[in-house]
Amino acid sequence: MAALAFLEVGGTIDNVTVAGNPNLGSRTAGIWASAITSASIVEVMNSDVIGYNRAGIYAVGAQMTANYHNNTISGPGSAYTGPQVPNGMYFLEGANGSASYNTISDLSYSGDDIYKSTGIGTYSAGSNVTFSYNTISNVQNGFTLNGGTGT
């Protein structure tokens, strides 16, 4: 469940606040951008994402290029004990793009000793992903590069 979703299309989000409920039982995302079959570019800027339990802003798929800049992402905080691992920004499954000048905070997961929250991360992302000038605080992992991400 995502507050805003781009599925096989591109677009721009500018100066938007996305507020959710981290206590929902299902996985929730602030902004979800996915492109598997159609080349798409999504830009998210000057926006706030708060109150989600899984994904602040995610980019998914080999046809997705996502550029995230000047955003503020606030996770559910250290008191969160829900079933999901909250993360700030992620590039997944071949997605490319950039994350710059973002502020990400208050991500914590206490469900087990294996998984930890991440400010900005990749999982099997494309080979053209860059992070620069981001401020990350009160998170378990600032940055995570995982599972076959291109270099």
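How many of the six residues of strand 13 (residues 118-123) are buried? The answer is five, and strand 13 is therefore described as mostly covered, where buried means under 20% relative accessible area. The structure discussed in this report is a predicted model.

## Overall form

The protein chain contains 16 strands and zero helices. Its C-alpha atoms fill a box of roughly 40 × 30 × 30 Å, taken along the principal axes.

The radius of gyration offers a check on this form. A compact globule with 151 residues would have a value near 15 Å; the protein chain has 14 Å, which agrees.

## Burial, surface and contacts

Of the 151 residues of the protein chain, 47% count as buried. The accessible surface comes to about 6,900 Å². Carbon and sulfur atoms contribute 49% of that surface.

Contacts show how parts of the sequence meet in the fold. Among contacts in the protein chain with a separation of 6 or more, 76% involve residues 24 or more positions apart.

## The five-stranded sheet

Strands of a sheet pair through backbone hydrogen bonds, either parallel or antiparallel. In this model, five strands form an open sheet with parallel pairing, and their order is 2-5-8-11-14. The edges of this sheet are strand 2 (11-14) and strand 14 (129-132), each of which pairs on one side only. From one strand to the next, the twist averages 5 degrees.

One pairing within the order can be followed at the level of residues. Strand 8 (residues 64-69) and strand 11 (residues 96-100) run parallel and are joined by five bridges. At one position, Asn67 stands opposite Ser98, a residue of strand 11.

## Strand 13 and its partners

Strand 13, which was introduced at the opening as mostly covered, pairs with strand 10 (residues 87-92) in the parallel sense. Four bridges make up this pairing. Leu92 has Tyr123 of strand 13 as its bridge partner.

Strand 13 is also joined to strand 16 (residues 141-146), and these two strands run parallel with five bridges between them. Which residue of strand 16 stands opposite Tyr123? That residue is Asn146. Tyr123 is thus found in both pairings: it is the bridge partner of Leu92, and it stands opposite Asn146.

Terms used
Residues are numbered from 1 along each chain as its sequence is written. This is a predicted model: local features need pLDDT of at least 70, side-chain atom pairs count only at pLDDT 80 or more; totals for chains, interfaces and linings use all residues. Side-chain values use heavy atoms; hydrogens and water are left out. Two strands pair if DSSP finds at least two bridges between them. Axes are lines fitted to C-alpha atoms, for helices over the stretch in contact, and angles run from 0 to 180 degrees between N-to-C directions. The radius of gyration is taken over C-alpha atoms; the globule rule is 2.2 Å times the number of residues to the power 0.38. Buried means under 20% relative accessible area, exposed over 50%, partly exposed in between (1.4 Å probe, protein chains only). Contact means heavy atoms within 4.5 Å. Accessible areas come from the Shrake-Rupley method with a 1.4 Å probe; for residues, only the protein chains shown count as cover.
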